[in-house]
Structures are given as C-alpha cells and as structure tokens.
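Colleague: Can you walk me through this one?

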Amino acid sequence: MKVAAIALNAFREAVRDRILYAILVFALVMLAGSTILVTISVGGEEKIIKDLGLACISIFGTLIAVFLGIGLVSKEIEKRTIYSVISKPIHRYQFILGKYLGLVLTLLANVALMALGLIGLAYLWEGTVSPRLVLAILFIFLELMLVTALALLFSTFSSPTLSAIFTLCLFVAGHLTADLRLFAARFGGVLSKAAIEPLYFLLPNLSRLNLKDQAVHSLGIDGGTTILSFLYAIFYIAALVLAAMAIFHQRDFQ
Amino acid sequence: MKRLGLTIPVLLVASLVGSTLLAAVLDVRGGHAPAPRGWRFLPEARYLKPALLGFHAVSADLLWIQIVQYVGAHVETDRKFPQLAKALDVATTLDPYFIEPYRFGALYLLYLGRQPQAAVALLERGANANPERWELPHDLGRYYYLEVRDDSQALRWWERAATLPGRPEYLPRFVARLYARTGRADTALELWLELYRTTQDEYMKSLALREIERLKSAHGSPLTANESGSLLP
C-alpha cells in the first residue's frame, strides 16, 4: 500500500512536469510528420513509417526516462523533502520501489500514447496491424524500464547532471556490448579478451531487446529467445533497483 | 507599465513581419538551401552500423530518401552519379531487408548511371540477403533477358523467382517459353502442363493448352483435344 501511494505520488509529480509534455508533443508531431516524409521517397512507405515511429518511441521514451529518472531521488534530497519522507514509518526500500514504479507508470502512459499513434498510422497505411509491431513496442518499453532503473541507481548517489551523463553512457555502451565482444574476439589479445568478457556480462545488453527489424520486415521471431530476452531484462532491472535500494539504505541524511 | 505592455506586442508583430519579409527577399535572391548534390563523406557501413545504436533501419530509410533526392538533383543537371553505388551500398548494408534500394537503386544504376556491373552486383547481394523474396531474382532475370539477351541467365533467375511466394502469375509462363527457346522442349512442355493444371485463370488455361499443342506439333507428335484432356486432369 505504501509503495503504491509513493508510486502514485511520483506519477502525479511526473505528469506535472512540463518537459514531459514538450517531449511528448514533439514525438507525436514527429510521428505525424513521417507521413509527409514518405511522400518524397520511392517505395517502402509502410516500412519508413514503422521505422520512424519505432525510433520516435525509443528516442523520446529514453529522453523521458533519463530526464525524469535522474531527479527521482536527488530532487528530494535537493529540496530537503527527503527528511519528511524518511521520518515517516516507511522503509527506504519502499520509497525507492515506489519512486521507480511511479516513473514506470509515467513511461507506460507516454509509450501507450505514442504506440497508439504509430499503430493508428500503420493501420491507416496497411489496413492491418502486425502483432510483431506490438511486440517490438513492448520490448522498447522494457528497454525504457531498464534505462529508468539505471537513472534511478545513479540518482541515489550523484547529482542530476552526473546521473544523466552516466545513464546516457551506459545506454550507448548497452547497444555496443555485443560488438565490443566481437571486436575483442577478432582483434584483441588475451588480456583484452579477459577484460572485456566480464564487462560484456556486467553491462546491459540492450541489443537483445531490439525487435524493430523483425517487426518492420515481418521476420521470424524465435519464441524461446524472446522469452529469455524478456526474463534477462526483468532480472537486470531487478538487480539495478535492488542496488539502488542498497545504496539508498546506506546513505546518511543527518 | 501600460506603455511597456503595449510595446512588447508591437515589437513582436514588427519582428514577425520583418522575418517574413527577409525570408521572401532571400527566396528571390536564391538564398534557399540547394538540393542535395552529394555527400561530403560516406562512411563504411560496417563501421557505421554499430555506432547507430540500433537505429540502423531508420538511418537506412533516411539515406534512401536522400538517394532519391540526389538522383533527382543530378538528373536535372549533369546526369552524373559518382556516389550512387556507394550510397546504395551503405543503405542496403544498414538494412539488408529493405527491398526498394535494391530494386529502384539497380534501375538508377543501370539506366541513369550506366553502371550495369554495379546494378547486377546490388541485385545479387539483395537476392542473397533475401532468399524468400521473388522481386530480386525477377529483376535480375529481366536484366539478362532485356539488356544482355542472355536467355540461359534469365532462365536461371526467373526459375528461382517462379518458386518463391507472391511471385507474379506470368513468371511460370516466361520460364516455360524460355525453356522452349533454349531448345529444352521437354522441360517447357512439363512447365506448361503444370501451369495448365494449377491455374484458375481461363485465359492462362487456354494459353497453356495452345502452347502444349504447339510444342507437341513442333516435335512431330500432334496433340488432339481428347489426348490433352486425358493428359491434363
């Protein structure tokens, strides 16, 4: 109950943030703009609309996750509202979990709006909506949940600016981990291989959550790999939120 | 305060009018952005792809739109396309399943750029990357049939395209005719019989029957209507 109350409060606080609306309006305008862009292409209109729509959801969702996530805890400390919260009969882990769920709820509302826009456009263009498209959007949402958990973790021990930098760096690294491992396997010596292997498993592998190609080109999706990728994301998110709880638990607010 | 309250809207209107007038003057002077004439730098796609952080497909789309503009700009001016093959290579490497850059790109290379080798290489790469798509072997067959007049190569590609899902109705007909032209009448006959059995189209049925009769008579074994009836279920 306490977690739900904090989550709802975090959600209400987030939806009052003007930056959220600016990003959302921009994303919806971009989505609508894709229908104008395809008029100067030769063929492939449906593909371009879906590609642009999925990219919009991913990019603007990441911006929302980062810029709202980095302030989740640090804002409370900066405004000193944290003192009134921790003096109440709630556990610190409940506070962190509630904050995280509140932002996930905000993201869900935003992604749902953008997804509705994209699905509507895809339907208008093709007369049908592929379940693969819905699955790809679900996996983008999972990726955003992971990015939010990263932002939350950094928010528990650093300033908003540093948290944003760290989160964006890990977002980039998360899309390069598979290539990094391939690079080390091809060109690296024994030492670099030994260094990169643990890094590969430690860093988030965000390319595992990318089903955009499969959605747009109607390629086959392996059910087993999809379920394992889903579980991977859930386990990684759980690890990040638990780490945030542990750090927040150790912090001294005297 | 009242005076200041009026000054801001007046300045705002003046600024808007000023910017509109200046935009119109710049347009008259030809100061608008020129059409894309090329790229200063086209990176190697295999290095570019990982750097795009999973947004390689949308980047391929945007590059394809730029390629179309590039072709349009050069068609109207010098009709030279020095960067076309490289740009198409980048777009198709970024998204190997994007069919249009292969199909239309090959047409641009062939008929505008006069680069048939690059066009064939592009289509062959597309056919290898998309073995389930009939369009690319179909276009290769068309190239060999119409441009090179190499019936055996055209047959090779059309035969492959004819087995793929979604292929046009006319493809098996083309394949059967090519077999007859390349002196393989038995195979041609088999294909016409197959077409006769499978097609629902009355015109195609009568065409197949006519071709069967023609082939049989050409090889000294005329086929009567009854015989063909017994042969064809």
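What follows is a short exchange about the fold of one chain and a helix pair in another.

Modeller: Quick note before you start: this is a predicted model, so local features need pLDDT of at least 70, side-chain atom pairs count only at pLDDT 80 or more, and totals for chains, interfaces and linings use all residues. Residues are numbered from 1 along each chain as its sequence is written, with chains lettered from A and ligands numbered from 1 in the order in which they are written.

Colleague: How many helices and strands are there in chain A?

Modeller: Going by DSSP runs (H or I of at least four residues for helices, E of at least two for strands, numbered from the N terminus), every element in the order α-α-α-α-α-α-α-α-α-α-α is a helix. The count for chain A is eleven helices and zero strands.

Colleague: What radius of gyration does chain A have?

Modeller: The radius is taken over C-alpha atoms, and the globule rule is 2.2 Å times the number of residues to the power 0.38. For 254 residues a compact globule would come out near 18 Å, and chain A agrees with that at 20 Å.

Colleague: How do helix 5 and helix 6 of chain B run, roughly parallel or roughly antiparallel?

Modeller: Their axes (lines fitted to C-alpha atoms over the stretch in contact, with angles from 0 to 180 degrees between N-to-C directions) come within 8 Å and cross at roughly 170°. Under 35 degrees counts as roughly parallel, over 145 as roughly antiparallel, 65 to 115 as roughly perpendicular and the rest as oblique. That makes helix 5 of chain B, relative to helix 6 of chain B, roughly antiparallel.
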